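Hi,

Here's the structure I promised to pass on. Have a look at it first, then read on for what turned up.

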Amino acid sequence: MSPHGSFTGVALDPAALVDPGKGLVKRYAYVDQGIYELELERIFARSWLYLAHTSQLPEPGDFVATFMGDDPVIVCRGADGEIRAMLNSCRHRGNTVCRSDEGNTSFFHCSYHGWTYSNQGELVGVPKYRQAYGQALDKKEWGLLPVPRVEEHLGFIFGNWDAEAPDLAEYLGGMRYYLELAFGRDPEGVEVIGGVHKWTIDTNWKVPTENFATDMYHVNHSHKRVIELGLMEPFTDSGYEIAAGMGFLGHDFTPPVAEDFGEHAEDPTHGYWVMPNPYTEFLKEERRRMAEKKGEDAARLIPVGHGAVFPSFAFLDIEMLRLVRVHIPRGPEQTMFYQWCVVDKSLPQDVKDALRKQYQFTFGPSGILEQDDGENWRQLQVGCRGHIGRQLDTNMVLGLGQDRPAADIIGRGAPGHGGGIWSEANQRAFWRHWLAFMTTERASDVRDYVRNDAP
């Protein structure tokens with residue numbers, strides 16, 4: 001057995017598994033325990049990982065519990081008003097000190113031996129401190145382990161265990177342009193509503209991230225029944241997939257809207273959802289404001305579609321809803337999903353309620369579209385797991401050799417490169433990032449890669 005516990009009995013070389021230039025990935029990358037352990041070390045310990053939104057932490061003492069890779073963390077606005085992230089692990093024996101998903105507290109208390117921490121992470125209470133510890137324990141040195149880098153963009157909070165990592169803005173690079181189009185349209189910003197949805201699927205964490213990065217190719221097939229029911233229109237041949245910085249974006253039509261949208265040809269807010277949508281009129285106003293701010297080419301991209309940020313943050317901005325989610329690894333063959341509905345703060349309450357219901361109906365854990373995706377991802381893992389199956393290549397050749405600058409595809413000022421709607425350019429870009437992180441040992445080399453690829 002190798003140090004990483006791989007299937008083959010020898011440590012697998014990530015560089016031998018992936019060839020982004022040819023669009024080929026060995027399926028070992030989805031099922032091997034050794035590869036997974038290396039991902040925790042070289043990707044999840046060195047990348048910017050999504051933690052929470054500032055709207056969840058409005059007051060001192062507000063907190064949410066989440067994960068960075070497979071490490072539990074607490075994200076808390078301390079008594080001083082600063083937002084921090086801390087490992088959810090008592091420094092005494094490792095017991096989690098926070099068992100709630102969210103709430104407000106002044107202290108985190110370990111149920112095992114009673115060590116108590118402030119909402120800023122300091123160790124403030126130790127039973128029998130004077131009687132039993134004497135001078136052997138300096139409480140100042142035993143606070144909750146802080147995540148050294150915590151930054152936010154448009155209210156979205158990210159953390160990084162690597163103190164030498166590039167800034168979040170530099171990491172996002174050109175993806176900041178598209179995130180602003182998706183979540184920076186309302187002068188008051190966005191907020192998450194309705195709490196968090198959580199569920200697990202027996203699939204590798206990379207599979208759903210690839211899908212959001214964006215796989216437009218699956219929609220007419222995976223979601224065929226929804227189209228047959230008349231709830232959704234089939235995709236046309238117009239659309240785009242763009243990789244920019246450490247992020248990815250894709251949508252189902254190229255502005256101006258293709259002629260085969262018929263009566264909706266002059267309505268760039270119309271996409272594939274057929275049901276009445278109270279958000280449409282507000283979208284038109286948001287497009288108008290963005291046109292004044294960034295120009296008509298940028299405004300025509302609203303809503304911007306499906307997207308992701310490497311390694312595990314994903315979002316949807318489509319005409320009937322917005323959501324953000326994170327794909328949390330649970331070993332090589334299971335993923336935990338945390339997902340939130342996102343709305344503009346200034347929307348009327350009845351419109352927010354309608355968007356939340358549409359979110360639950362479509363992409364909630366029991367939604368008509370999410371169920372299709374989840375079953376495919378689970379069956380993908382079944383097909384990759386066996387002795388023969390895991391030796392094969394996964395094919396990501398769609399649109400190979402057709403990449404071009406984003407500005408040529410979707411308009412002036414658009415950063416990044418990509419292809420048309422029927423392309424796996426973003427999946428190939430995802431695996432290029434994966435390979436760079438997995439084969440890079442020095443923090444300085446990771447920073448150099450991000451700085452060369454992110455702008």
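Before the holes, one term: a cavity is a set of grid points where a 1.4 Å probe fits but cannot get out. Keep in mind as well that this is a predicted model.

**Closed spaces inside**

Rolling a probe the size of a water molecule over the atoms shows where empty space is left. Searching the whole structure that way gives six cavities of 30 Å³ or more. I'd like to show you the second largest cavity, which has a volume of about 70 Å³. Its lining is made up of Leu-51, Gln-56, Val-64, Ala-65, Thr-66, Asp-101, Glu-102, Val-196, Lys-198, Tyr-338 and Trp-340. Three elements give two or more residues each to this lining: strand 4 (62–68), strand 13 (190–201) and strand 19 (335–344). Strand 4 gives the most, with three residues. Sorted by class, the lining of the second largest cavity has six nonpolar, two polar and three charged residues.

**Open pockets**

Now for the pockets. The largest pocket holds about 420 Å³ of space. It is lined by 20 residues, and the closest to its centre are Glu-210, Asp-215, Leu-380, Thr-394 and Glu-424. Helix 7, helix 13 and strand 20 (393–395) each supply at least two residues of that lining. Which element gives the most to the lining of the largest pocket? That's helix 13, with five residues. By class, the lining of the largest pocket has seven nonpolar, seven polar and six charged residues.

The second largest pocket has about 290 Å³ of space. Of the 19 residues lining it, Ala-243, Asp-403, His-417, Ala-429 and Arg-432 are the closest to its centre. Two or more residues each come from strand 14 (240–244), strand 22 (417–420), helix 15 (425–438) and helix 16 (443–453). Helix 15 gives the most to this lining, with six residues. The lining of the second largest pocket divides into seven nonpolar, eight polar and four charged residues.

**Charged pairs**

Side chains of opposite charge can pair when their charged atoms come close. In this structure, the search finds 29 salt bridges. Here are a few you can look up.

Start with Lys-206 and Glu-39, whose closest N and O atoms are 2.7 Å apart. Lys-206 lies in helix 7 (residues 206–214) and Glu-39 in helix 3 (residues 33–44), so this salt bridge ties together parts that are 167 residues apart in sequence. Are these two buried or exposed? Lys-206 is buried, with a relative accessible area of 0%, and Glu-39 counts as buried too, at 1%.

Glu-286 and Arg-185 also meet in a salt bridge, at 2.7 Å from N to O. Glu-286 sits in helix 10 (residues 280–294), while Arg-185 is in the loop between helix 6 (175–183) and strand 13, so the pair ties together parts that are 101 residues apart in sequence. Glu-286 is buried, with a relative accessible area of 3%, and Arg-185 is buried at 3%. There is also a network: salt bridges that share partners join Glu-285, Arg-288, Arg-289 and Glu-292.

Another salt bridge is that of Asp-80 with Arg-84, where the closest N and O atoms are 2.6 Å apart. Here Asp-80 is partly exposed, at 43% relative accessible area, whereas Arg-84 counts as buried at 18%, because the cut-off for buried is under 20%.

**Two helices and their buried sides**

An α-helix has 3.6 residues a turn, so residues three or four places apart point the same way. Try that idea on helix 12 (residues 349–362), which has 14 residues and reaches 20 Å from its first C-alpha to its last, close to the expected 20 Å. Its buried residues are Val-351, Lys-352, Leu-355, Gln-358, Tyr-359 and Thr-362. Looking down the axis of helix 12, these fall within an arc of 125°, so they line one face of the helix. The face turned away from that buried side carries the exposed residues Gln-349, Asp-350 and Lys-357.

Helix 13 (residues 368–385) has 18 residues and reaches 27 Å, close to the 26 Å expected. What is buried in helix 13? The list is Leu-369, Glu-370, Asp-373, Gly-374, Trp-377, Gln-381 and Cys-384. They cover an arc of only 130° around the axis, which puts them on the same side of helix 13.

Have fun clicking through it!

Technical notes: Residues numbered from 1 in each chain as written. Predicted model: local features only at pLDDT ≥ 70, side-chain atom pairs only at ≥ 80, totals over all residues. Heavy atoms only, no water. 1 Å grid on protein atoms, 1.4 Å probe; cavity = no way out; pocket = protein on both sides within 12 Å on 5 of 7 lines; lining within 4 Å. Points joined across faces, edges and corners; volume = space filled by probe spheres on them. Helix = DSSP H or I, 4+ residues; strand = E, 2+ residues; numbered from the N terminus. Nonpolar A, V, L, I, M, F, W, Y, C, P; charged D, E, K, R; others polar. Salt bridge = Lys/Arg side-chain N within 4 Å of Asp/Glu carboxyl O. Buried < 20%, exposed > 50% of the residue type's maximum accessible area, 1.4 Å probe, protein only. Expected span 1.5 Å × (residues − 1). Arc of directions from axis to C-beta.
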